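Here are my comments on the two-chain model, set out as numbered points that can be followed with the coordinates open.

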Amino acid sequence: MKVMALNGILGYGYPLASLEKGLAENPDIIGTDAGSKDPGPYYLGAGVSFTSRSAVKRDLELSMPEALKRNIPFIIGTAGGSGGEPHLKWNREIIQEIAREKNLHFHMAMIHAEFPKEYIRKKLRGGKIKPMGPNLALTERDIDETVRFVGQMGSEPLIRALNIGVGVILAGRSSDPAIYAALPLMKGYDPGLVWHASKIIECGALCAIPGTTSDCIMAHLEKNYFLLEPLNPIRKCTPMSAAGHTLYEQPNPYYIYEPEGMMDLSQSKYEAYTDSIAKVSGSKWIPARQQTIKIEGSARYGYRTISIAGCRDPLMIEEIDEVTNYVRQFTVDNFGSRISPTDYHMLFRLYGKDAVEGDWEPQKKITSQELGIIIEVVAKTQEMADDICAVARSTMLHYHYTGRKATAGNLAFPYSPSDISMGPAYRFSAYHLVELEDASEPFKIEVVKV
Amino acid sequence: MPKLIDLAKVLRSKNAGPLYVTFDLMFDKKETYERVVKSGVINSKLIAKLFKSDEKYTEIVDYPAALSVKITIPRKVVGGDLGDRDVYGAQQYAPLLDLEIK
């Protein structure tokens, strides 16, 4: 079976020539993963995509009509970037626009993945929610503050959709490899090989040398092994590049956990089939004993305003801690009893000191001649964040720190306005596993005519 | 003594989900990989010290198939949360750069 991935993320692009090469091989399925949680909780909470509309449309309008013409099932996973309802709707509109422009008529299965808060609350109270790490707990209060929960579907809902026999499957939040695993699992291929192959191709041609998420890739599934074939002649999939890929974004390259089971790659063998095609065998699958769904939740915790400025004064750089401490204290005092310091957060990011690594930064001495400074305020309302940031910014601009000689102004603002209202600030309120009897059941399929 | 930044072909960090950050040290020669592993420099005690983390949650994996050593620790701040310095976790490996390998 030939499983083709368009790229690592829908909207990242791919060369037309790679698509054409793949189509010429008559793939059994074409997929694309539209989403990621890497860009953070904002997109899930705000209901928007982190890839642009025109980029997503481009990727779809070149490939989707070809798939429909040739009766090749076309699966989009984690629609709209985060796979919730607004994301699904956004992606659907793009598809409908393409269908109108190209006079396409087909049936599409939409798989919903957004879960109501009450469902999550019930599961929490029933003790069915398990953490995925030591530093994120899910409480009742977190559920109250959450704007949106999505559950990550596994292969089962996608298999159900494939069985309906539609032209396109537009899935909400999905496990990335499940997008590619669904059809081969349905057709009885070895799950160890299927999940491993799917895990590799879900990032597009990142498993090749040179690797990229912006190019197509083909997995050839056989009874006892699979092949990884780049569809661009400049790339090669070597045993090392294939083996190296399981390191990417994973805590352990030997054991990769999915909610529905675990890939055991401890006995996997990586060989060269040709000098540009890798052959993988020996990968095993251990189904989970308890059915679970991975859930993600995004909660809004305030509104953010930032001010960005540079500082080129060595005397100020020497006293930068005194400066930030003073600015913080002055702002607190300035707002007095009107706004309590516990109603907002103020952060200073000092690029040139420790903005990137914080207290992991091994170099303790500042050796740069300039600092890039971000003053950041997060508060209950945008107006409050704007007001507090403005006071902090003007205070930092004019503060007479110890040893100061530049009495006309401490900061170089690149822009007018100096302060930027960034809108709502979101955090992940949930990244947990929900235990349940049937991990496929909550994902409802809706068939629409396009 | 050579430093890790000079010996490694790839030295990177990235989120492994929003709760963990994972570091990969990848070498292009078997001898270099084995030298690093044999030196014992990359151990959970050192990692816990460098990153002020709990040894209990530190995972170090030797992966000869890709001549790599992988280190995974919890993120200090959940991805994208207040005070996060690096949403993707892609620039957190500075403490590893200058580690000296016998």
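**Notes on the predicted model**

1. In chain B, Gly17(B) takes a positive phi near 80° within the hairpin of S1(B) and S2(B), a hairpin that has four residues between its strands. Please keep in mind, here and below, that this is a predicted model. The two strands of the hairpin run antiparallel, and six bridges join S1(B) to S2(B), the latter covering residues 20-26 of chain B. Two of the pairings can be followed by eye: Asn15(B) has Val21(B) as its bridge partner in S2(B), while Val10(B) stands opposite Met26(B) in S2(B).

2. The hairpin belongs to an open sheet of four strands in chain B, whose order is S1-S2-S4-S3 and whose pairing is antiparallel. Which strands stand at the edges of this sheet? They are S1 (10-15) and S3 (59-63) of chain B, and because each has a single partner strand, one side of each is left without a neighbour in the sheet. Averaged over the sheet, neighbouring strands are turned by 15° against each other, with direction ignored.

3. Two residues of chain B other than glycine deserve a look for their backbone angles. Lys52(B) has a positive phi near 50°, and this residue is found in the loop between helix H3 (44-50) and S3 of chain B. Leu67(B), likewise not a glycine, has a positive phi of about 45°, and its place is in the loop between S3 and strand S4 (68-74) of chain B.

4. Chain A holds an open sheet of 10 strands with mixed pairing, and the order of its strands is S13-S14-S10-S9-S1-S2-S3-S8-S4-S20. The edges are taken by strand S13 (269-272) and strand S20 (445-449) of chain A, each of which has a single partner strand, so that one side of each is left without a neighbour in the sheet. From one strand to the next, the twist averages 20°.

5. Within that sheet, S2 (residues 29-33) and S3 (residues 74-77) of chain A run parallel and are joined by four bridges, and Thr32(A) stands opposite Ile76(A) in S3(A). Helix H1 (residues 16-24) of chain A lies across S1 (2-5), S2, S9 (217-221) and S10 (226-230) of chain A, and runs at about 165° to S1(A).

6. Two cis peptide bonds in chain A should be checked by anyone who inspects the loops. The bond from Ile209(A) to Pro210(A) is cis, with omega near -15°, and Pro210(A) has its place in the loop between helix H9 (191-201) and S9 of chain A. A cis peptide bond also joins Ser416(A) and Pro417(A), with omega about 20°; Pro417(A) lies in the loop between helix H13 (382-398) and S19 of chain A.

7. How many residues of each chain are in contact across the interface? In chain A 41 residues are in contact with 48 residues of chain B, and the area buried between the two chains is about 3700 Å², of which carbon and sulfur atoms give 60%. Asp38(A), Leu247(A) and Trp360(A) supply 21% of the area that chain A buries against chain B, which is more than any other three residues.

8. On the polar side of this interface, 23 residue pairs are found in polar contact, both residues being at pLDDT 80 or more. Helix H10 (239-245) and strands S17 (344-351), S18 (371-379) and S19 (419-435) of chain A each supply at least two residues of the side of chain A that touches chain B. S19(A) gives the most to that side, with four residues. By class, the side of chain A that touches chain B has 23 nonpolar, nine polar and nine charged residues.

9. Side chains of opposite charge can pair when their charged atoms come close. Over all chains the structure holds 36 salt bridges, and three salt bridges are found across the interface of chain A and chain B. Asp38(A) and Lys14(B) meet through their side chains in a salt bridge, at 3.3 Å from N to O. Within chain A, the side chains of Glu118(A) and Arg121(A) also meet in a salt bridge (3.3 Å, N to O); because these two residues are three apart in helix H5 (residues 117-125) of chain A, they are separated by about one helical turn.

Notes:
Residues are numbered from 1 along each chain as its sequence is written. Chains are lettered from A and ligands numbered from 1 in the order in which they are written. This is a predicted model: local features need pLDDT of at least 70, side-chain atom pairs count only at pLDDT 80 or more; totals for chains, interfaces and linings use all residues. Side-chain values use heavy atoms; hydrogens and water are left out. Two strands pair if DSSP finds at least two bridges between them. Axes are lines fitted to C-alpha atoms, for helices over the stretch in contact, and angles run from 0 to 180 degrees between N-to-C directions. Contact means heavy atoms within 4.5 Å. Buried area is the accessible area (1.4 Å probe) that two parts lose on being put together, summed over both. A salt bridge is a side-chain nitrogen of Lys or Arg within 4 Å of a carboxyl oxygen of Asp or Glu. A polar contact is a pair of N or O atoms within 3.5 Å; within protein, one must be able to donate a hydrogen and the other to accept it, and residues adjacent in sequence count only if both atoms are side-chain atoms. Ala, Val, Leu, Ile, Met, Phe, Trp, Tyr, Cys and Pro count as nonpolar, Asp, Glu, Lys and Arg as charged, and the others, Gly among them, as polar.
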